[in-house]
Amino acid sequence: MRKPFSKLLLRWLGSPTFHRALKHPLFTFWKVRHQRRWDRLDRHVLHPPARRSVPNFHPCRSVSRKPLLEKFSYDRLNWASNEIRLIKILPQDPAIVTDNDYPIACQIISVSLNDNPKYIALSYAWEDTTLSRPLILNGKIFHATTSLDAALHQIRKMRAQNLAFREQYFWIDALSINQEDEIEKSWQVQRMNHIFQEAQYALVWLGPASEDSGKAMEALEQVGLNVASGTDPYDNKTLSTFNLLAGLYNEFSPSVKRLLMRSWWRRIWVVQEFASAQDVKFLCGDVQISWRPCFSALEALEKFQRALAEKGWRGNIGSQNLQQLMTEITAITGILRLFRIREALKSTQKRLSLWELLTLKRFGMLATNNRDFVYALTGIAEDAARKHLYPDYTKHAAAIYTEVAKCFLAEGRLRTLWLCSHPRHLPGLPSWVPDWS
């Protein structure tokens, strides 16, 4: 019968063989090495030093950290008091912030239009809405498009240099309207015509300065002022003057053309914003000009280009061919239509019909939301109220286009059906409804 292992082990530990093994050099080395490990274990684990007390500390619980800034949330506007939100750009504190790329800090307040507040209405192109930059709005975080962030940085810079915008409040659609509240957005869009009318002026942000944008802005202002003062050289039909104009055209036309290719000119919302404001100023980089000289200069440029095309003096403007010239004339004609709508509205108080305004789409006007191709024009259309067409962002674009087509067909505008032959991209449209997008 075998003995249990425990009895054999005890018998071996008490034998002389075991005691002779304890004196072997290998065992001595092993003992010293493991004794050091045991001492460390005893010092750090079994008898650890006293830990400093940490409030609400738990060694097995992860420490939750709150974000540095909470997300901004809107308070409701009082519709009965005709309230809007205004933005004040706070100055940069050089003792705290030394980087110009640091987020812009703004204050947002609610005021009633009935109290006649003083503010500037900002008109700009949203551009790519997927690209955003953080802002600090009433101490909380808010994300705005990169184009708006650039505009706010430029305004803060010019105010710091005492160039403009001292202690001014701004109305800015992306900040002043809760874009996530479709009901509020519908109500505020109905008021946009009135909001721009009550502003001191509309500030058009064309974008940051480029290599020749300052030259183009100054050229437009100078030519416009010359035309306004009665020294318009384009009325002179002599050959020498024509050649002189050809040289001037070659000098500043490329920079002006690049300025007119900026996205603001193709935004559908600018039709209402530009036409409704009491006054308009264009801002590109650090250069700011009024709308009137710009209008006069573009009219003179269009007149000169048409003279080139009609008389066939293409050799006087370098390598530019007739097709390129006609393309430029078409582009300037579309831009000038914005100015002429404003001129007609301010001088004769005559508004265009919605049908006439919707034809602006053929000049390449763009919008972020398909519903805006109609809603951006209802504020200045003379027949929008009669047709009961009011902004309602809870409706789908196809339903809005169908309502507009019904109104046009009821008036006997059969050209509406002809427009259905144009390319259509919006899903859900009936076959007899044009795609206004």
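Is F72 buried or exposed in this structure? F72 has 11% relative accessibility, so it counts as buried; buried stands for under 20% relative accessible area, exposed for over 50% and partly exposed for what lies in between, with a 1.4 Å probe and protein chains only. The model is a predicted one, in which local features need pLDDT of at least 70 and side-chain atom pairs count only at pLDDT 80 or more, while totals for chains, interfaces and linings use all residues. Residues are numbered from 1 along each chain as its sequence is written, and side-chain values use heavy atoms, with hydrogens and water left out.

Aromatic rings come next. Rings of Phe, Tyr and Trp (its six-membered ring) are paired if their centres lie within 6.5 Å; planes under 30 degrees apart are stacked, over 60 edge-to-face, and the rest tilted. The count by this rule is 21 aromatic pairs. One of them joins F72 and Y74: the ring centres are 5.0 Å apart and the planes stand at 85 degrees, so this pair is edge-to-face. Y74 is buried, at a relative accessible area of 18%. Y375 and Y393 also make an edge-to-face pair, because their planes are at 65 degrees, with ring centres 5.4 Å apart. Y375 belongs to helix α13 (residues 372–378) and Y393 to the loop between α13 and α14 (397–410), so the pair ties together parts 18 residues apart in sequence. Helices (H or I, at least four residues) and strands (E, at least two) are DSSP runs, numbered from the N terminus. Y375 is buried at 3% relative accessibility, and Y393 is buried at 4%.

A charge is taken to sit over a ring if NZ of Lys or CZ of Arg is within 6 Å of the ring centre and within 35 degrees of the ring normal. K185 lies over the face of Y393, 4.7 Å from the ring centre. Y201 has K281 over its face, at 4.4 Å from the ring centre. Elsewhere, one aromatic cluster is formed by W264, W265, F274, F282, W291, F295 and F339.

The loop that holds Y393 also contains H396, between α13 and α14. H396 is partly exposed, with 48% relative accessible area. A polar atom of the H396 side chain lies 3.0 Å from the backbone nitrogen of A398. From C-alpha to C-alpha, H396 and N370 are 9.0 Å apart in space, and 26 residues separate them in sequence.

Helix α14 has 14 residues and reaches 20 Å from its first C-alpha to its last, close to the 20 Å expected; the expected span is 1.5 Å times one less than the number of residues. Its buried residues include A397, Y401, V404 and F408. The buried residues of α14 pack against α12 (354–358), α13 and α15 (415–419), where contact means heavy atoms within 4.5 Å. After α14 comes G412, with a positive phi near 85 degrees.

Helix α4 (residues 146–160) has 15 residues, whose expected span of 21 Å agrees with the 21 Å between its end C-alpha atoms. Of these 15 residues 11 are buried, so α4 is largely enclosed by the rest of the structure. Among the buried ones are L148, D149, H153, R156 and R159. N162, just after α4, takes a positive phi of about 60 degrees.

Now the strands. Two strands pair if DSSP finds at least two bridges between them. Strands β2 (residues 105–112) and β4 (residues 132–137) run parallel and are joined by two bridges, with A105 opposite I136 in β4. Six bridges join β4 to β5 (residues 140–145), and these two run antiparallel. Here L135 stands opposite F142 in β5. A hairpin is formed by β4 and β5 with two residues between them, and N138 in the turn has a positive phi of about 55 degrees.

The last site is D212, in the loop between β7 (202–207) and α7 (213–228). D212 counts as buried, at 13% relative accessibility. Which residues does D212 contact, leaving aside its neighbours within four places in sequence? They are S255 and R258. The side chains of D212 and R258 are joined by a polar contact of 2.4 Å. A polar contact is a pair of N or O atoms within 3.5 Å; within protein, one must be able to donate a hydrogen and the other to accept it, and residues adjacent in sequence count only if both atoms are side-chain atoms.
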